[in-house]
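Hi everyone, thanks for making time today. I'd like to walk you through one structure, starting with some strand pairing and ending with the contacts between chains.

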Amino acid sequence: MNTPVTSSSQSAPVQPPSRPVQKPDDANMDRRSFIKWLPLGWAAFAAVVAGYGTLVLRYLFPNVLFEPKQSFLAGTIDDYTAGEVSERFKERYGVWVVRDSEKIYALSTVCTHLGCTPNWLASEAKFKCPCHGSGFYKTGINFEGPAPRPLERFKIFLADDGEIVVDKTQKFQQEKGEWIDPDSYILA
Amino acid sequence: MPYFDSGESLFEKFCKTQVGRAIFRTGIPRNQRQRMMIMLNGVFLHLHPVRLPKHAVKVKYTWCMGGLSFFVFLVLTVTGILLMFYYRPTVEYAYGDIIDLKEQVPLGLMREIHRWGAHLMVVTVWLHMFRVFMTGSYKPPREFNWVIGVILLVLTMLMSFTGYLLPWDQLAIWAITVGSNMAGATPLVGASGPGASLLAIGDVNFITSSSDARFAMLGGRFVGEGALLRFYVLHCIGLPFVMMIFMIVHFWRVRKDGGISGPT
Amino acid sequence: MAESIKHFINFAANPKVLFPCLLILTLFMFPGNDKLLAINKRLGLYKLWTKKGGIFLFSFMLLFFIFGLTDPNFRLIVTKPDNVPIVALLFLVNFFLWLSMKQAWENDARIAKGQPPQEAEDAKEKILVWPDLVYIEFIALILCSALLLAWACALPAPLEEPANPSVSPNPSKAPWYFLGLQEMLVYFDPWLAGVVFPTIIMLGFMCIPFLDNNKKGCGYYTFNERKMAISIFMFLWLVLWIFLMTTGTFLRGPNWNFFGPFEYWDIHKLEALTNINLSEYIYMILLKQPVPENILLREIWGFLALGLYFGLTPILLALTFLKNVFKQLGVLRYSIFTFLLLCALSLPIKMFLRWAFNIKYIVAIPEFFFNI
Amino acid sequence: MGKDERHYNINNLNILFACASLILLSALGWLFVKDYSRPWKKHQQDFRALEVEQTRVKLDSSSSALASNPEYQALQEELTKAREAYNAQCRQNEALQKEIKSLQAHDDSLQQQYRFTKSEFDAARYRLEIAKEHPGAAAYLVKAQKEYADVESKLHKLLVDTQSSADTLKAKNDVNAQCGAQLAELERKERELARQKNFLSRKLENIDPGEMTFVNQMANLIRDLPIIDLANPNNKIKQVVLKDIREDVNFLEVPKVDRCITCHLGIDNPDYANMPQPFRTHPNLELYLGKESTHPLEEFGCTVCHGGRGRGTDFTTAAHTPSSEEQAQEWEKKYRWQEMRLWEEPMLPLAQTEAGCFKCHAGQSTIKGADKLNLGLELIEKAGCYGCHFIEKYKDWPQPGPDLTKIAAKVSKEWAYQWIENPKAFRPDTRMPSFYHLSNNSDPESMIRGEQEIHAIVHYLFQHSEEFPMEKIPSTGDAHRGQDIVESVGCFACHQVGSNPQEGKTTADSLRREHGPNLIGLGRKTTKEWIYHWVKNPPRYHPATRMPNLRLTDQEAADVVEYLASQQTPEFDQQAIPALDPQVVDRITLEFLKKSLSNKAAGEKLAAMTLDEKLLFSGEKLIGSYGCYGCHTIAGFEEMKKPGTELTEEGSKALHNLDFGFVHIDHTKPAWFAQKLHDPRSFDKDKVKIWEEKLKMPNFYFSEQEIDAMTTALLGFVEAKGIQDKIVPRTPENLYIEEGQKIIRQLNCQSCHMIEGEGGTIQESVKQWLIKHDGKSADEAAAIVLSFSPPNLVGEGKKVQPQWLFDFLHQPTTIRPWLKVRMPTYTFNADHLNSLLQYFNALDKEPFPFTDNVDVNLTQEEYLAAEKLFSDEYFDCAKCHIVGDKMPGGSPENWAPNFALAKTRLKPGWILEWMKNPAALLPGTKMPTYFDPENYHESGPPDILNGDEDTQIRVLRNYLNTIAPLTTSQETKKNPEVKEAPETLVAPAVSK
């Protein structure tokens with residue numbers, strides 16, 4: 001019984017009746033201990049495996065990002081007068097900040113036709129694309145030329161210190177009915 | 001033996017020395033026993049059984065596509081390892097390194113072999129699946145191996161997909177952008193997928209563009225530095241590792257499920 | 001003459017035309033039941049799966065390509081290095097399709113005569129693997145290597161401008177083997193086309209051995225013994241997979257507009273966008289009243305349609321066309337089978353709804369990105 | 001059991017398995033806990049609590065301010081009324097609402113149709129264009145044209161429909177909106193008034209769990225839990241990535257990443273000025289970190305100035321450096337701080353923070369806001385460190401010490417001996433360092449040797465001294481008069497007289513006053529003749545001297561000589577001079593000989609040398625060893641390399657390159673530098689060295705304060721790597737400014753003049769003069785001191801014409817005759833003059849060298865008007881200003897420069913601005929403001945030139961141009977003295 005079984009291939013044929021005997025042996029096992037330890041072991045083991053999975057999952061999300069910033073600070077509400085189309089951020093960030101009578105929103109400066117940059121014509125109160133003549137109202141709605149849809153708006157919100165933040169990662173398209181999203185404007 | 005019957009060759013003489021015997025146990029297989037032994041003894045040839053029903057040897061039955069897929073995989077492994085010597089997966093260097101493979105690196109054609117090999121592997125794997133379906137070879141007892149096969153097919157496409165980004169050109173990043181945007185639409189765990197807002201609690205969004213399925217894939221909110229590195233690692237280490245494991249199971253199962261399929 | 005042929009092909013290549021044609025052709029080429037098989041026989045379609053048929057098939061394809069290559073637009077798209085494997089794939093798929101179907105029909109003829117299939121005949125004889133198989137494989141891989149080396153020498157691997165996240169090429173295409181999925185994006189939202197359907201496809205394929213419990217046809221080419229399996233597979237594989245991929249590669253140009261194979265990819269091409277959601281269709285056009293603000297009320301019709309499609313159709317089918325299948329598979333397998341089948345069929349159905357009624361979404365809840 | 005081929009008891013194995021799994025599970029748990037518990041999270045939580053408190057306080061004050069705002073109260077009342085009215089009138093109007101709704105639906109449907117048709121129209125137009133492009137397909141063209149026409153008419157019809165529908169809808173909506181218009185307007189007003197409060201309360205809702213809804217509270221709880229914190233945690237690492245500032249990682253430079261703001265959360269928020277660290281606000285946000293400042297956080301980060309390991313997110317790994325031993329111990333307790341040894345650039349200790357400024361501002365002479373660093377740099381200049389140590393910044397500075405090539409004419413051998421032996425004994429505040437009686441040469445043997453060394457050095461110097469012929473002083477002077485001259489003409493700008501040991505702290509002002517030596521004991525040091533010849537023409541004795549010529553007359557010079565020669569130092573005279581000891585001289589000589597010769601040959605050579613030769617030989621070797629030539633010009637050492645190590649990048653020197661010897665101080669760079677400055681030779685402590693190997697750096701006896709400042713400067717001398725884009729840009733303007741600042745610093749201009757808001761040191765001595773000589777009280781003197789001090793040079797480039805300034809600097813003329821202080825004559829070369837001119841003009845961003853021509857002609861009418869304005873009826877300009885040769889009345893403290901100079905001296909544009917608002921150009925000027933800047937357009941006399949202020953100022957300016965400039969001949973007539981001093985054009989009116 002204490003000799004380790006090293007050559008099972010030879011001993012197995014010699015003792016054919018060993019299989020049926022195994023059953024009572026299993027039955028002899030302390031049932032209470034069987035119930036207690038084995039499930040506990042497996043539960044712990046399963047938890048470990050789940051833990052490994054969680055580990056890998058968490059590992060995929062770093063605590064900091066090295067991506068270039070997609071948002072920028074755009075001053076305070078008082079920096080804009082009602083009815084103004086601010087071109088301060090056109091060059092650097094490709095955004096017009098517009099304040100109308102009740103809200104402020106950030107328009108993309110990319111023409112929805114072929115991606116040119118329209119100009120703001122204050123005297124005619126419209127954006128006019130120099131490439132193919134698409135025209136957009138101050139709201140960004142297209143009304144002339146080949147542009148297929150209105151200009152896009154970017155996410156805009158107030159930061160902790162009351163500064164306006166424009167986040168270019170999220171955009172809102174009028175044709176998808178996204179301009180009613182509270183993230184797409186701030187109340188002036 | 002009609003072939004190799006021109007007296008004792010130099011190789012045969014070598015096989016008879018102690019060194020030769022130590023390496024080539026069987027020697028040149030000239031008789032039936034030797035032909036069986038060579039299949040049994042070699043670790044590589046052991047992949048095949050000793051004998052097969054005749055239909056299984058016919059190319060018009062097998063199309064050779066499974067074997068070719070494995071062979072192309074090996075070609076891709078070798079060329080891929082060689083390419084890694086010259087390629088740095090950073091946004092600064094990746095594109096220039098690819099240019100240099102063509103312009104400067106001796107036999108930089110390795111890249112062409114690797115790229116077209118990748119396309120070829122997708123094709124051979126698909127055709128292999130096609131053949132297996134047409135011969136009904138997924139039927140019992142080979143159901144499970146078919147499942148493994150489907151996994152391998154998906155892995156092949158993922159391998160190709162991850163490799164697609166590495167040249168870091170317009171073709172690469174936009175193909176991956178289009179492909180990975182779909183991951184962003186995963187229900188519940190994609191920031192632009194249905195149900196992401198259901199996982200928000202109060203005003204706190206838990207699924208955002210920097211914590212969704214797409215991010216896990218790209219390591220960033222858009223295809224950039226992080227994506228390049230992740231795809232590189234998956235392409236060179238992660239996916240091949242997984243694929244190896246499944247291939248081992250696949251081959252093992254081919255043998256254990258009764259060898260190549262055939263009428264029973 | 002050549003111009004009008006090109007015009008015709010451009011017209012015929014439009015998915016609106018080609019897709020239904022292919023669908024019907026598949027139905028008859030790979031008849032799923034005896035009735036369809038009879039039609040197939042009457043039409044003599046099976047003759048394609050003979051040597052003569054093969055020669056015809058390949059001469060036709062070859063002629064088409066030779067003719068096509070005289071056209072600059074066709075040449076431009078077909079000879080693009082990354083598209084070459086797809087051209088090759090088209091030939092290969094057709095060749096192997098012909099090869100397998102030829103053997104299948106030959107075997108079927110043998111079985112009809114009471115003989116075992118060719119493979120069974122062959123299998124009686126055992127062959128030692130060394131050297132026959134090993135040698136064949138060796139030669140195959142040598143040829144394959146030769147092909148790869150030649151390919152590498154002949155075609156440069158593409159390298160475009162350096163990556164620029166602010167300039168997106170038009171069209172931006174996914175890698176070619178995913179273009180089927182991208183083509184689906186025209187009809188379904190990304191969460192379906194890009195995530196749910198691929199998952200279902202993968203799982204569905206894995207399910208094949210468990211759903212097809214037809215004992216016959218294991219290990220040899222046959223068509224007659226597994227008509228339905230092959231018919232469905234050909235629909236999935238040839239139409240939904242290879243065809244959509246080919247369309248996405250060759251026939252989709254700027255703005256993801258359709259372009260015939262001989263058509264110039266004009267970036268200004270415009271197609272009227274007049275798609276409308278089912279809810280709008282029902283409320284605004286049929287009922288002539290405002291669309292309700294309540295989402296559930298608004299989309300109730302869509303949900304109803306979906307419920308009927310996935311709930312009622314299997315039952316109806318079980319009572320009619322698929323009576324035998326239902327019997328053979330049992331409830332669970334049958335449910336899974338029909339669910340998968342209905343998913344696969346949803347694409348042609350959605351296409352049809354789009355083309356016939358300009359239906360954009362059956363259920364449209366953009367608030368939750370939930371559009372079907 | 002053997003029968004079952006079993007060995008272990010399965011139960012035991014189960015237990016083992018369960019235990020093993022549990023152990024693994026707990027290890028995994030540990031892993032998670034370890035990863036999760038990061039020190040910065042605690043800081044962020046603390047900060048949040050602080051933030052909540054802060055916001056609440058602000059909200060309370062904002063609310064109460066709002067509540068007590070009568071406008072707001074009134075608005076509230078109006079609002080209530082308006083709401084009631086709205087509820088009463090508009091809410092009820094259901095029919096209208098319903099109508100609008102159905103109209104809206106109709107309109108929506110029309111809009112959609114229109115959009116679709118428009119889209120169809122666009123497509124049809126495209127098809128028409130294509131059909132036109134293919135001329136072959138005529139049928140297509142016809143079809144396309146028809147299609148196009150159809151769609152167009154349909155579109156047109158729809159457009160009409162849509163517009164009319166929209167109009168109807170708008171009309172109805174207007175009716176509806178009318179009802180709520182007032183309310184909406186009031187609500188908008190309320191929003192505007194209460195914006196601050198609303199914002200604060202919204203913020204509070206976001207950060208204060210107490211203010212949150214229940215759901216948000218739950219979210220707030222779970223968002224920072226482990227694993228879930230991947231999504232959207234409150235606590236997260238914050239960093240700035242600096243593209244322009246690069247970290248040198250040896251193989252290449254990579255963008256710097258600073259995470260300091262992860263814990264220093266209030267750093268750029270002025271609200272946290274009094275909070276405990278790590279939340280305290282950075283001082284001086286206008287200069288640092290603020291968005292409008294010159295060093296915004298986003299562009300500069302933290303560690304480029306402060307040093308440290310920017311990527312570190314815990315206290316130790318950020319490489320914090322304690323300021324003191326106590327702080328180090330406190331940190332060890334509080335943060336388990338350890339020194340971050342494996343980082344080459346640890347944070348600068350708080351006391352030395354300013355060192356960080358130098359690497360970008362190295363070119364500037366005075367770095368704004370870095371007082372300690374400035375002091376350190378000034379000390380380096382004063383002490384002349386660059387004489388022995390090469391420092392890039394000072395590479396072309398003149399030698400700091402006097403020329404010794406004519407020393408025999410100036411001092412005696414005895415004095416020279418005593419001076420070298422202990423300079424401080426003669427002049428306690430001298431910057432000449434001590435070479436003897438130091439920590440490594442105070443043993444008896446060294447003392448004996450030292451005495452003979454000095455003999456040898458003095459011998460060498462005097463042997464090599466050139467002839468310096470001096471005439472007899474032409475007249476006898478008067479010491480009393482001499483003292484008056486010394487105290488008034490401006491000598492005290494650079495010199496002091498008398499034992500005036502450093503009292504209190506060294507400052508920029510105190511250093512300016514010791515620009516030249518303290519004139520204490522001058523009578524003991526040198527001869528009257530020498531002093532006479534020196535003050536009359538300093539460069540004659542010392543060509544490179546920075547001492548200018550004050551254009552003293554012979555008599556004045558004689559008086560000054562008499563006064564200065566009366567300065568004696570009796571104690572110093574009594575110091576004994578040891579006798580020459582030939583044996584020791586032999587030993588010293590032999591030692592030097594042995595370095596180049598074999599022992600035998602050296603002995604033979606020595607034997608053949610006379611004592612004189614030995615002294616000369618060893619004197620030369622000793623001067624070479626001690627590096628005297630670093631600061632002084634000494635014959636025979638003109639081509640020698642600087643004796644000390646280069647200090648240009650001393651602050652970047654690796655710590656292991658500094659020899660701490662057996663001195664037990666902190667092993668840090670600041671500590672080593674301080675120790676070196678405190679006792680330069682202390683690192684020889686307990687070392688066994690021969691004379692040759694000993695440290696040679698002399699002791700300057702710096703005060704602790706000075707050492708601190710100089711340590712700061714030394715720490716700032718670092719390799720300028722990775723900051724190329726942030727260094728003050730190398731534009732020509734900036735280079736001119738830096739060059740000008742350098743000259744100004746070298747010549748100590750700021751001791752007399754305020755330049756760039758700095759300087760005017762001499763005012764103190766002018767004040768003393770006014771008290772002592774004019775009998776003013778201290779307060780009176782303080783009030784008028786500016787009128788008697790050299791002018792403030794703010795806006796000089798804008799003010800004066802370049803040609804005039806060039807001439808003036810070359811040969812100063814009198815502008816303010818009432819001043820006692822004289823602008824001296826410097827020996828400028830053209831380079832200097834150009835630099836100074838470019839400096840002043842670049843500083844004011846003036847075009848240079850050419851300026852616009854200005855029409856200064858006047859019509860008859862204008863001339864008369866200008867004369868009127870000029871007269872005592874109106875502005876009475878001549879009351880203070882000298883006009884030609886007409887002096888104004890009143891006391892000199894109110895006098896102002898001669899108008900006759902205006903034409904050649906002042907820029908016409910400046911005169912206009914000056915008259916408009918003098919205080920804007922020169923704050924505190926005594927020139928009255930005639931035109932009220934607050935109300936400019938009504939400030940001029942209304943009866944002149946129609947009351948047009950611009951014209952009034954212009955004609956006045958043009959009028960000034962008509963006042964004839966003095967010709968040289970006129971002047972010379974009035975000042976016959978000038979003939980005697982031909983190098984000056986104008987004799988200053990100081991003789992009284």
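Let's look at Lys103(A): its bridge partner in E11(A) is Leu187(A). That pair belongs to an antiparallel match between E4(A) and strand E11, residues 186-187 of chain A, with two bridges joining them. Before I go on, please keep in mind that this is a predicted model.

Let's stay with strand E4 of chain A, which covers residues 103-108. Is this strand mostly covered, or mostly open? It is mostly covered, with five of its six residues buried. E4(A) also runs antiparallel to strand E9, residues 153-158 of chain A, and two bridges join them. There, Leu107(A) has Arg153(A) as its bridge partner in E9(A). Then we have strand E3, residues 95-99 of chain A, antiparallel to E4(A) and joined to it by five bridges. Within that pairing, Val97(A) is matched with Ala106(A) in E4(A). The connection from E3(A) to E4(A) is a hairpin of three residues.

As a bit of background, strands of a sheet pair through backbone hydrogen bonds, either parallel or antiparallel.

Still in chain A, there is an open sheet of four strands, in the order E5-E6-E7-E8, with antiparallel pairing. Why do strand E5 (119-121) and strand E8 (142-144) of chain A each have one side without a neighbour in the sheet? Both stand at the edges with a single partner strand each, so one side of each is left free of a neighbour. From one strand to the next, the twist averages 35°. At the E8 end, strand E7 (residues 135-137) of chain A pairs with E8(A) over two bridges, in the antiparallel sense. Gly135(A) finds its bridge partner there in Glu144(A).

Now over to chain B. Its secondary structure amounts to 11 helices and one strand, and from the N terminus the order is α-α-α-β-α-α-α-α-α-α-α-α. The radius of gyration of chain B is 24 Å, while the globule rule gives 18 Å for 264 residues, so chain B is more spread out than a compact globule. Along the principal axes, its C-alpha trace spans about 85 × 50 × 30 Å. Of the 264 residues in chain B, 52% are buried. The chain is divided into domain 1 (1-51) and domain 2 (52-256), and the C-alpha centres of these two domains of chain B lie 38 Å apart.

What does chain B touch? On one side, 86 residues of chain B are in contact with 73 residues of chain C. The chain C side draws at least two residues from each of several elements, including helix H6 (84-112), helix H10 (190-211) and helix H11 (227-250). The largest share, 15 residues, comes from H8(C). By class, that side of chain C has 53 nonpolar, nine polar and 11 charged residues.

There is strand pairing between these chains too. Strand E1 (residues 51-53) of chain B pairs with E1(C) in the antiparallel sense, over three bridges. Leu52(B) has Ile127(C) as its bridge partner in E1(C).

Chain B also meets chain D, with nine residues of chain B in contact with nine residues of chain D. The side of chain B that touches chain D has four nonpolar residues, four polar and one charged.

Last, chain C: its assignment gives domain 1 (1-117 + 223-264), domain 2 (127-157) and domain 3 (278-371). The C-alpha centres of domain 2 and domain 3 of chain C lie 49 Å apart. Thanks for listening!

Methods. Residues numbered from 1 in each chain as written. Chains lettered and ligands numbered in written order. Predicted model: local features only at pLDDT ≥ 70, side-chain atom pairs only at ≥ 80, totals over all residues. Contact = placed C-beta atoms within 7 Å. Nonpolar A, V, L, I, M, F, W, Y, C, P; charged D, E, K, R; others polar. Pairing = 2+ DSSP bridges. Rg over C-alpha atoms; globule rule 2.2 N^0.38 Å. Buried ≥ 20, exposed ≤ 12 C-beta atoms within 10 Å, placed from the backbone. Domains from an automatic or database assignment. Axes fitted to C-alpha atoms, helices over the stretch in contact; angles between N-to-C directions.
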